[in-house]
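Trainee: Please take one helix of this model and go through it closely. I would also like to hear about any charged pairing.

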Amino acid sequence: MSEQQRSPGDWRWITALWIAGALFFWPLLFGGESLYFRDNHAVHLPQAMQLAEAVKAGRLPLWEPATGLGYPFLADPTTMSLYPLALLLLVAPFPLAYNLQVLIHVPLLGSLMFLLLRWWRASVPAAILGSLAIMFCGGTMSLLHQPFILRGFAWFPLILYCFDRFLEGRQRRWIGLTALALAFQGLGSDPNLVLYSGLLLIALPWLQPRRRARPGAA
């Protein structure tokens, strides 16, 4: 599906996915509740607070001396020290900022899945169903206590989309955008997920639906 063939209404459906995410997580975004279960309170929330405090103080958090015997904070991608969306930690007080930074990846995942499914010529109802399923399935919800995995998971559809666009048109900008999406994934998640992305790209010809000829194609 080309840019011209994509329905203008697609963007309204993507907006609806974000609204669905906001309504589903209303207590965490507007009700004063917070993510707490398992590793959130033990690891990820303290890491996020340390990162936010370092950025506000104008320093790069190279080493974290307050945890155990200390560890290289910047070198650990799960701390998201170089992850662009970590800037959301600065837009609100904690724990709301932490909730926002984690939860934004759920509608992001749904929106990118919708983009991928529409590129694969799925109908709007099918693309919406697929997007909602991946947003609110048990697997995604279980990642709320492991947000570094959720961050990596959210970029999978975009990586596949950009690389598939490159395979179809051989335009260099799409391989560049694939690399950029991989960089976003790697800066905020476990390096294993970048490896999994590479395996998905290798398997992409067998993952995508069988292509039909495009209108006007020779």
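Mentor: What follows looks at helix α9, then at a salt bridge. Keep in mind that this is a predicted model.

Helix α9 covers residues 156–169. Start with its length. At 1.5 Å a residue, its 14 residues should span 20 Å. The end C-alpha atoms of α9 are 20 Å apart, which agrees.

Next, its surroundings. Of the 14 residues of α9, 11 are buried, so the helix is largely enclosed by the rest of the structure. The buried residues are F156, P157, L158, I159, L160, Y161, C162, F163, D164, R165 and F166. What do they pack against? The buried residues of α9 pack against α5 (105–119), α8 (147–154), α10 (172–188) and α11 (191–207).

Then the exit. Just after α9, R170 takes a positive phi of about 55°.

Now the charged pairing. Side chains of opposite charge can pair when their charged atoms come close. The structure holds 1 salt bridge. It joins the side chains of D10 and R118, at 3.2 Å from N to O. This pair links distant parts of the chain: D10 sits in helix α1 (residues 10–24) and R118 in helix α5, 108 residues apart. Helix α5 is also one of the elements that the buried residues of α9 pack against.

Are the two partners buried or exposed? The cut-off for buried is under 20% relative accessible area. D10 has 2% relative accessibility, so it counts as buried. R118 has 10% relative accessibility, so R118 counts as buried too.

Terms used: Residues are numbered from 1 along each chain as its sequence is written. This is a predicted model: local features need pLDDT of at least 70, side-chain atom pairs count only at pLDDT 80 or more; totals for chains, interfaces and linings use all residues. Side-chain values use heavy atoms; hydrogens and water are left out. Helices (H or I, at least four residues) and strands (E, at least two) are DSSP runs, numbered from the N terminus. The expected span of a helix is 1.5 Å times one less than its number of residues. Buried means under 20% relative accessible area, exposed over 50%, partly exposed in between (1.4 Å probe, protein chains only). Contact means heavy atoms within 4.5 Å. A salt bridge is a side-chain nitrogen of Lys or Arg within 4 Å of a carboxyl oxygen of Asp or Glu.
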